[in-house]
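Q: Hi! I've got a structure open and could use some help finding my way around. Can we go through it together?

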Amino acid sequence: MTDIQNQTNKAGWPTNGANKILAKRHRTERNFRRLGLTAILIAMALLATLLVSIVGKGYSAFIQTTITLDINFEQEILDPKDTRSPETLKAASYGSVIRNALRTEFPEVKSRIELRRLFGLISKGAVQELRNAVLANPKLIGTTRAFELTASDDVDMFIKGYISRDVVEQDRRIKNNEIVWIDRLQNQNAIQTRFNTRFFTGGDSREPEVAGILGAMVGSLYTLFITFIISFPIGVMSAIYLEEFAPKNKLTDVIEVNINNLAAVPSIVFGLLGVALFLNVAHLPRSAPLVGGLTLALMTLPTIIIAARASIRAVPGSIRNAALGLGASKQQAVFHHVLPLSLPGILTGTIIGLSQALGETAPLLMIGMVAFIVDIPGGVTDPATVLPVQIFLWADSPERAFVEKTSGAIMVLLSFLVFMNAAAVLLRKKFEQRW
Amino acid sequence: MEPIISAKNVSVYYGKKQALKGVNLDIPENQITALIGPSGCGKSTFLRCLNRMNDTIEGCRVEGDIIVDGKDIYDPQIDEVYLRARVGMVFQKPNPFPKSIYDNVAYAPRIHGLARNKDELDNMVLASLEKAGLLAEVQDRLHEIGTSLSGGQQQRLCIARALAAQPDIILMDEPCSALDPIATAKVEELIEELRASYTIIIVTHSMQQAARISQQTAFFHLGEIVEVGKTEQVFTSPQDSRTQGYITGRFG
Amino acid sequence: MSFLPLIISLLAMCAAGYWYGSKKALSSHSFAGQQNAGRPHLYGLYVVIWGVIPPAILLILWGVFSYSSIDVSGGIAGKIDKVVFPSLITVAAILGLTLAVRQISPNLRARKTVEAAVYCVLILASTLSVFTTIGIVLSLLIETIQFFEKVPYQEFFFSLNWSPQMALREDQVGSSGAFGAIPLFTGTLLITLIAMIVAVPLGLMSGIYMTEYASKNFRATVKPILEILAGIPTVVYGFFAALTVGVFFRDVGTFIGLDVVSESALAAGVVMGMMIIPFISSLSDDIIMAVPQSLRDASYGLGATKSETVINVIIPAALPGIVGAILLAVSRAIGETMIVVMAAGFAANLTANPLESVTTVTVQIVGLLVGDQEFDSAKTLAAFALALTLFAITLCLNVIALLVVRKYREKYD
Ligand SMILES: Nc1ncnc2c1ncn2[C@@H]1O[C@H](COP(=O)(O)OP(=O)(O)OP(=O)(O)O)[C@@H](O)[C@H]1O
Ligand SMILES: [Mg+2]
């Protein structure tokens, strides 16, 4: 201990030498800090790129090109026997009416090949539009009216600028003569762009210009409904049991560990479970929202249980004791007092679990919800697809026009998710309790 | 003699809440100054001002001047990193890093670049452990993890760790409150030895401890210094009734 | 009588029982003044319980019966299936309800029974997750065993050749396909590795910045924004990877004279990494937060800068937790499906070149199961073998990670 006394260690304020080291350390500090900020900025930039690229590709999905033609609703073609019966009107050949209108518009086009191209300007779905118009108003027959028809996907892409005139003709889906026709129509103001209602009211289709997401949205709704009615009650009951009643024993431990692991099992494995359990053993219908919902319910269950347990745990013991002290049974204390207090938290967790289920694709591929389905499903056992699977299917389609449909569908899906998460956040804010 | 630390009209705010209200205090060199007072009166807050540890707390604001060795440490020119190397700190709960004993002590020399080579570093570590009176106990387990020591040893390790930064001033915030009487006695003995080469400011809740080891005592009450003076004087004939009440155990 | 009407009529009967039971308890004069009789709705529930349990037992028996005699269409079994069980169930429900209603009296301790029943239901609900796991293991295992009866396990685990496409005729040469899964494992590994190279530094650094540097306001705004990345469905990432990132990398490759396929492992890996960033950043955020403030104080008190504190004290102290977080992230990446299905290839390539196309375990599972449905072919069974492997690997990773993280939490709690 002698050296303590004879050591004088007054360091004094920094000299130049010390300053150098200090300056270097501060430089490192600043660089490190910048590194952290950069990481965050990169992550946000990636997110921005993703969103911008989706919106950039997808906003045009909500717009549809139409072509106005003078349609002659010839009695000869549509209703030669003058019956006006719905059956006749339904079965009539509206295609010929459209073709005639195009022939009158472009009388110079004569060759078969050119005619086929000419007819291709109008979507195959336009037939349906005329049919609906005539069915709604049979008086149209025998008149000539200017009528707005949905343009084909190629014309739509051309008008939206996705197909460039500068490309060599053979690499271009719109050929030179088509460009001439389109230009002429445009000069006559016969080409318009409209809000694409059909995107929200139609089912899937092979024709991009008439394909819609209603079928998928309804399918998602049914699937989510099944998921909710299965996973919510069971999840809440498990959470109540585990938090409030479970004795501390091996079984409880096993359940605990099991729930945590289940939450991290890859979703595709749940898909295989769905195939084995619901399709092969229980013989439920393939491609049905019922099976999809059940599969997703098993997958969502751990999320809900974990959230519900946290929320139940946050209710202070004093409330239980107060209820017990008034002579309530343990179950009454839990169901009358603890559960209502923790419900906002449980609901928040449930919404988050459901929003994950809404975005889930892989397990639904497994149980066959990838079929091409035109009809809007009418119930939980009808074959259906869901929004994310619809996105997957369209993303796989070769037509250029499906790219914008895919992105558009993604935008719709993301808005649903934003809506659900915002609801969850609001719910949490509104009922947030500090005990 | 010129005081090595002199605090002038220091006020500290945590957000809107004022924790110190215009505190003035001079601290003479190579003496032990004890800060006493009831809980929540701002002793730790004051201590943390002296090496700008308050900078690490979001929303904490310090007003007034604190002069350390002739310089205002809240001057933007002053580097708080360097300041903290000169004004070391020992905390209430022993907080060794989850590293080896050696690495704990070598931490400050390494980050401040005090040693030019391994031998110098070794010497520094051993000297600091020696000064902290811990060397004999840990000589042959230098590479065991620091948290494996007993509480009292851990606290002396923390003191050794602070000494290795080669400070002039050491701040101690209730260094013995987590220790048993024997460990406390050892640490107190160590503190008295260190007085020869360091200026020490110690916060304590133990009147006996303050009386035993300090030369100067300051009594804090509700964010103000009510009384300050020679330790014997404060303890034998306090001027202020609040001080008297506190040291005789009527409140606090 | 088919299933749905049966259930509906059972429910209706129970509702009637509830209403009648409550009413009877309420109107009965002898209940007045009875202290511990409980409230009338308990009697209603009591009746419902007796209306539910007997049919439920029969329903389960029915399920077992109709599953075990699935091939017997018509005949006696068909009759039993179609007629005997539904009527038995209805009768059981009616009997249960009437008996329960007749039992209602002030002396009946309805609450005890109701609470016991509720307790049983709670236990049943919480064991469902265990049964889910058992279900997963069993269903995968059964099919996998069948698979290994057709394809030797040595081939599956050690052979380098994967081409499950069967020849058209059974007797053709090579009709059994090749089931060496090594290229799938290496492909999965390659993409996971790329994802981690992207996600770990970015996620960890963001987490560190958030906890150690960011102000409260910065945190409150930026953290939710980063979390958006975690909420985006994987199918969206897949689309982004296939259409934007893949093409971008290919074009950059062409520009600098490299041959990058548009379904490169790089594109899929980078996008997967992007998805995992918030996962790592929020986990490491939690873990770094759990490092006690006293260690930070000690380091700052010795004159360390923030970065020195982070590197020398916080990261070493938080290392087990961070490793656990990374393991969880790896298990996520391995099990991720849609990104690779949409952006990686289907052909099994044994390569470590990130610019080429590789395939993964999950891609193959999807490829093998979507579409054709002949169930006992080696091709379909292979999907289950792959899934079991996947399940086993992710399970191991998760268990280790959870243990590591839990140990770490205990240390600082
Ligand atoms: N980080 C902080 N944020 C907000 N307020 C704080 C903070 N630290 C201390 N305070 C407040 O400042 C006042 C003084 O606290 P300080 O820790 O200095 O008291 P103390 O005298 O050291 O008490 P003790 O003897 O209990 O350690 C207290 O009222 C406390 O609530
Ligand atoms: Mg204090």
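A: Happy to! Let's begin at one residue pair: in β2(A), Ala146(A) is the bridge partner of Asp70(A). Keep in mind that this is a predicted model.

Q: Ok, and how many bridges join β1(A) to β2 of chain A?

A: Seven bridges join them, and the two strands run antiparallel. Strand β2 of chain A covers residues 144-150. Another place to look is Thr66(A), which stands opposite Thr150(A) in β2(A).

Q: What about β1 and β3 of chain A, which sense do they pair in?

A: Antiparallel, over five bridges. Strand β1 spans residues 63-72 and β3 spans residues 191-195 of chain A. You can spot Thr65(A) opposite Thr193(A) in β3(A).

Q: So in what order do the three strands of chain A sit in the open sheet?

A: The order is β2-β1-β3, with antiparallel pairing. Strands β2 and β3 of chain A are at the edges with a single partner strand each, so one side of each has no neighbour in the sheet. On average, neighbouring strands here are turned by 40 degrees against each other, ignoring direction.

Q: Which helix packs on that sheet?

A: Helix α7 of chain A, residues 126-136. This helix touches β1 and β2 of chain A, and its direction makes about 135 degrees with that of β2(A).

Q: Where do the side chains of a regular strand go?

A: In a regular strand they alternate between the two faces of the sheet.

Q: Switching to chain B: how many strands form the open sheet there?

A: Six, in the order β6-β7-β8-β3-β9-β10, and the pairing is mixed. The edge strands are β6 (87-90) and β10 (224-230) of chain B; each has a single partner strand, so one side of each is left without a neighbour in the sheet. From one strand to the next, the twist averages 15 degrees.

Q: How do β9 and β10 of chain B run, parallel or antiparallel?

A: Antiparallel, with six bridges joining them. Strand β9(B) is residues 216-221, and Gln216(B) stands opposite Lys230(B) in β10(B).

Q: And which strands does helix α7 of chain B lie across?

A: It lies across β3 (32-36), β7 (169-173) and β8 (199-203) of chain B. Helix α7(B) itself is residues 181-194, and runs at about 145 degrees to β8(B).

Q: Back to chain A for a sec. At what angle do the axes of α11 and α18 cross?

A: Roughly 145 degrees, and the axes come within 8 Å. Helix α11(A) is residues 214-245 and α18(A) is residues 387-396. Ala216(A), Met217(A) and Ser220(A) in α11(A) meet Leu387(A), Pro388(A) and Gln390(A) in α18(A). The residues of this contact divide into four nonpolar, two polar and no charged.

Q: Cool. How many residues of chain A are in contact with chain C?

A: 72 residues of chain A touch 79 residues of chain C. Between them the two chains bury about 6600 Å², 77% of it on carbon and sulfur atoms.

Q: How many salt bridges does the rule find across that interface?

A: One. Arg25(A) forms a salt bridge with Glu308(C), and their closest N and O atoms are 2.8 Å apart. There are also 13 residue pairs in polar contact between chain A and chain C.

Q: Which helix gives the most to the chain A side?

A: That's helix α2 of chain A, residues 16-58, with 20 residues. The chain A side that touches chain C divides into 49 nonpolar, 18 polar and five charged residues.

Methods. Residues are numbered from 1 along each chain as its sequence is written. Chains are lettered from A and ligands numbered from 1 in the order in which they are written. This is a predicted model: local features need pLDDT of at least 70, side-chain atom pairs count only at pLDDT 80 or more; totals for chains, interfaces and linings use all residues. Side-chain values use heavy atoms; hydrogens and water are left out. Two strands pair if DSSP finds at least two bridges between them. Helices (H or I, at least four residues) and strands (E, at least two) are DSSP runs, numbered from the N terminus. Axes are lines fitted to C-alpha atoms, for helices over the stretch in contact, and angles run from 0 to 180 degrees between N-to-C directions. Contact means heavy atoms within 4.5 Å. Ala, Val, Leu, Ile, Met, Phe, Trp, Tyr, Cys and Pro count as nonpolar, Asp, Glu, Lys and Arg as charged, and the others, Gly among them, as polar. Buried area is the accessible area (1.4 Å probe) that two parts lose on being put together, summed over both. A salt bridge is a side-chain nitrogen of Lys or Arg within 4 Å of a carboxyl oxygen of Asp or Glu. A polar contact is a pair of N or O atoms within 3.5 Å; within protein, one must be able to donate a hydrogen and the other to accept it, and residues adjacent in sequence count only if both atoms are side-chain atoms.
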